[in-house]
Protein chains: 4
Amino acid sequence: MRKPIVGVIGPGEKARKADIEAAEELGRRIADLGWVTLSGGRNSGVMEAANRGAKARGGTTVGVLPTSKREMISPYVDIPIITDMGNARNNINVLTSDVIIACGVGPGTVSEIALAIKARKKVILVLASASARKFFEELAHGLISFADSAEHAISLARKVIDNTLP
Amino acid sequence: MRKPIVGVIGPGEKARKADIEAAEELGRRIADLGWVTLSGGRNSGVMEAANRGAKARGGTTVGVLPTSKREMISPYVDIPIITDMGNARNNINVLTSDVIIACGVGPGTVSEIALAIKARKKVILVLASASARKFFEELAHGLISFADSAEHAISLARKVIDNTLP
Amino acid sequence: MRKPIVGVIGPGEKARKADIEAAEELGRRIADLGWVTLSGGRNSGVMEAANRGAKARGGTTVGVLPTSKREMISPYVDIPIITDMGNARNNINVLTSDVIIACGVGPGTVSEIALAIKARKKVILVLASASARKFFEELAHGLISFADSAEHAISLARKVIDNTLP
Amino acid sequence: MRKPIVGVIGPGEKARKADIEAAEELGRRIADLGWVTLSGGRNSGVMEAANRGAKARGGTTVGVLPTSKREMISPYVDIPIITDMGNARNNINVLTSDVIIACGVGPGTVSEIALAIKARKKVILVLASASARKFFEELAHGLISFADSAEHAISLARKVIDNTLP
């Protein structure tokens, strides 16, 4: 039986401190549960934090990179998938994940949340703003839920995984 | 000098009547101005309407298709670009367009608006809901504007094109 | 009824003089027949030559670009499709073309010929070397044919189009 | 330090018995060396055999799938990367691999070998036919080498990895 894959998404360079802390805590908890952490793979923001957290606990990390430039890969990524297809790779991130957890919302993150909803994937938003919450609730028709901490997000993710994977 | 390319995006099967009417009117006006209409290319909703409008006025239409299934292509598309890459093709739609006009907001549309903002493209939302308006204003930092009719959207698009193309 | 789309493929910077001359002649003849010329869209080698030939006769040209860098687009492309997905865009070139004509064989060209065969598209090789001819005949099982001039290639393409398009 | 990733490519449904045996032996040897086996991920031919061999020795397997249809994934893939982009995913396979080993040559395989050469990756062909050998030697200018067994291919791959990875 394969391990569940949890996508952790969020801003790179413009990530807020709270988003980075949540992402690192998510990485730790995902690893502790024996799950795989998937991210956009760059050495920046939420991506870097989730991978750093996962490796601190000996987890497995997959990064789906937009570029073939090796210097942009997080050193905490075990398996860098080199797409060289820019932000078109965002669709691969969501299709590959069994559940997606978003920490913060830049434009790239919003595209991934929307592509996830399009693909009927469950998405969990951590510390979402009021306007994001209202907007996505209208858009997602039950595919989206909201968490006020990394711990809360993991408990929601666990339910999705228990209901999805064989 | 090449013709400006205007991306008209919006829901397929779930498009509202007002969005379809706006899209068809956009297609007519884009053609009248000698511009190219670009869409997701399927024979459904906003895509079909924009292409039908453009062809009614002798315009040129490009459709960037997610699939290689020929029966899903709008008959009003002159140049069907067959990507066979599902919704990853949404990024091609926005990168190829000089300006993007959205009629309605399904999940696919939201992904395109977000990818456009990520790529620093200007986006015009027609008849946006209050929650969409608030959400995208916070996300887009001046890259997004709002129109209450197809005519209004075209006047906004004209300013973008005048400022962008050589 | 939409116009047939003919993909003209071949090396960029490393194209031979004979390949460039054949590509330009192909562009002229494709335009004279009222067909659309599709290429990889860059301002180099076979791509540039095919587009230049087509525009000399008032044809329509579509370029499927690997990059979003505007300075790499051939000025003879009417409709630049910006994929920003590197050589993964080669699959779009072949899926979008009704028939493919190759002038010369660099690595990118070989990938396109092979992807075309995989997609059951007909490919015509102009001035192929003996080793390319032998290799592709074994690989393609009737999907590939060989031409000794642009004129010959167009006559072969015409048969494919007559048998394929509605 | 991340583990080397070795791409094992070759036909699916049309793979020959010798190619399948070589692929399975490659999977076993890649796992024994502590390397990661990457493939196209489907439950067929060379892909399935390489993954089965790797898992028989407790290795790690990554499959880059062309489709989102879960029933097409090899059960021996630990980490299925779902691209849903058809054969455009072939470019991801080669960019992600530190070295590529081909067992047999269908059209998809040829596209991957050519994309690898385009990206300046080293490729090793196992049990290549005379015409494939001649063709690729002319195309690849030193990037391609030939092996007459899985054992030989692994010894060639080891040299590439020793010279490439930090």
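So, strand 1 of chain D, residues 5–9: five of its five residues are buried, so this strand is largely enclosed by the rest of the structure. Keep in mind, everyone, that we are looking at a predicted model.

Which way do the residues of that strand point? D:Ile5, D:Gly7 and D:Ile9 point one way, while D:Val6 and D:Val8 point the other way, and all are buried. That fits the textbook picture: in a regular strand, side chains alternate between the two faces of the sheet.

Now for the neighbours. Strand 1 of chain D is joined by three bridges to strand 2 of chain D, residues 36–39, and the two run parallel. If you would like a residue to click on, take D:Gly7, whose bridge partner in strand 2 of chain D is D:Leu38. To get from strand 1 to strand 2 of chain D, the chain passes through helix 1, residues 17–32, and this β-α-β crossover is right-handed.

Strand 1 of chain D also pairs with strand 5, residues 99–103, through four bridges, and these strands run parallel too. Here D:Gly7 turns up again, standing opposite D:Ile100 in strand 5 of chain D.

Let's move to chain A and one residue there, A:Asn93. Where does A:Asn93 sit? It lies in helix 3 of chain A, residues 90–96. Is A:Asn93 buried or exposed? With a relative accessible area of 2%, A:Asn93 counts as buried, because the cut-off for that is under 20%. Leaving out residues up to four places away in sequence, A:Asn93 touches A:Leu38, A:Ser39, A:Gly40, A:Val64 and A:Glu112. There is also A:Gly63, which is 30 residues from A:Asn93 in sequence and 8.7 Å away in space, C-alpha to C-alpha.

A quick word on cysteines. How many disulfides does the structure hold? Over all chains, zero. A:Cys103 is buried, with a relative accessible area of 0%, and C:Cys103 is buried as well, at 1%.

Last topic, then: symmetry. Any two copies of a chain are related by a rotation about an axis and a shift along it. Laying chain C on chain B takes a turn of 180 degrees and a shift of 0.0 Å along the axis, with an RMSD of 0.0 Å. That is the relation of a two-fold axis. Which C-alpha of chain C is nearest the axis? That of C:Ile81, at 4.3 Å from it. And 100% of the interface residues of chain C are also interface residues in chain B, so the copies meet through the same surface.

Thanks for listening, and I'm happy to talk it over.

Key:
Residues numbered from 1 in each chain as written. Chains lettered and ligands numbered in written order. Predicted model: local features only at pLDDT ≥ 70, side-chain atom pairs only at ≥ 80, totals over all residues. Heavy atoms only, no water. Buried < 20%, exposed > 50% of the residue type's maximum accessible area, 1.4 Å probe, protein only. Pairing = 2+ DSSP bridges. Right-handed = clockwise from strand over helix to strand, strands pointing away. Disulfide = S-S within 2.5 Å. Contact = heavy atoms within 4.5 Å. Least-squares fit on C-alpha atoms with pLDDT ≥ 70 in both.
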